[in-house]
Every structure is written in structure tokens, then in C-alpha cells.
Amino acid sequence: MKNKKAAIKPRQANLETLHAAGTYATTEDSCARRLARAIHATESTDCCTSWSAQERAQAYFNQHGLARALDECARLEALRLIDADN
């Protein structure tokens, strides 16, 4: 193969597949879920993570990758609202 980098596909998070029976979270999905909880905790004190936060977290992960998503989790978790339940 001439170009190995072209053959490597980036790993993507897909939170929609977690709703199907018998599916397990991958590393990517777990990171996107953590990012979604962090996003939601900076915006609301509700206990349930909003769907929009999940969509934004999945899009962020798929655009920037695992390392930057984990950095964003750490940044947002420091900004968490005091009364956030999630």
C-alpha cells in the first residue's frame, strides 16, 4: 500500500447505536458521553443529559478526536455549575 495514512480511518463516536439492545460502548462512545455530561453540567442543573448536549459532544469528538475531546472534558468539568446533578 502506497499511503498507509490514507488507509487508516479515523475512529468515530456514534451515541445512537447505544440505544440498541446488546450494544456496548466503545472508547469513543464513552468519551463522547463524558463530554456530553460535561457540556450539560455547564449549562443546566437538571439530572438528565440533554439530547442537544449529546449531539454536540458526538460532533465535537468526530471532528477533533479523542485527545482534544478529553481536554475539552477536563476544561468543561472545571466550569461545572454548583448544583448540577449529572
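## Salt bridges and a buried alanine

Glu77 and Arg34 form a salt bridge, with the closest N and O atoms 3.0 Å apart. This pair links distant parts of the chain: Glu77 sits in helix H4 (residues 66-78), Arg34 in helix H2 (residues 27-43), and their positions lie 43 residues apart in sequence count. The model is predicted. Glu77 is partly exposed, at a relative accessible area of 35%. Arg34 is partly exposed too, at 31% relative accessibility.

In total, the structure holds 4 salt bridges. Three of these pairs are described here, including the one above.

A further pair joins Glu43 and Arg56, whose side chains meet in a salt bridge at 2.8 Å, N to O. Glu43 belongs to helix H2 and Arg56 to helix H3 (residues 51-64), so this salt bridge ties together parts that are 13 residues apart in sequence. Glu43 counts as partly exposed at 46% relative accessibility. Arg56 also counts as partly exposed, at 37%.

Glu72 and Arg75 make another salt bridge, again at 2.8 Å from N to O. Both residues lie in helix H4, 3 residues apart, so about one helical turn separates them. Glu72 is buried because its relative accessibility, 16%, falls under the 20% cut-off. Arg75 is partly exposed because its 45% lies between the 20% and 50% limits.

The table collects the residues of these pairs.

| Residue | Relative accessibility | Class |
|---|---|---|
| Glu77 | 35% | partly exposed |
| Arg34 | 31% | partly exposed |
| Glu43 | 46% | partly exposed |
| Arg56 | 37% | partly exposed |
| Glu72 | 16% | buried |
| Arg75 | 45% | partly exposed |

Helix H4 also contains Ala69. Ala69 is buried, with a relative accessible area of 0%. Which residues does Ala69 contact, leaving aside its neighbours within four places in sequence? They are Cys31, Leu35, Tyr60 and Phe61. Of these, Cys31 and Leu35 fall within the residue range of helix H2. Tyr60 and Phe61 fall within that of helix H3. One C-alpha distance adds to the picture: Ala69 and Gln58 are 11 residues apart along the chain, and their C-alpha atoms are separated by 9.6 Å.

Helix H4 thus recurs in this account. Glu77 of helix H4 pairs with Arg34 of helix H2, Glu72 and Arg75 pair within helix H4, and Ala69 of helix H4 is buried at 0%.

Methods
Residues are numbered from 1 along each chain as its sequence is written. This is a predicted model: local features need pLDDT of at least 70, side-chain atom pairs count only at pLDDT 80 or more; totals for chains, interfaces and linings use all residues. Side-chain values use heavy atoms; hydrogens and water are left out. Helices (H or I, at least four residues) and strands (E, at least two) are DSSP runs, numbered from the N terminus. Buried means under 20% relative accessible area, exposed over 50%, partly exposed in between (1.4 Å probe, protein chains only). Contact means heavy atoms within 4.5 Å.
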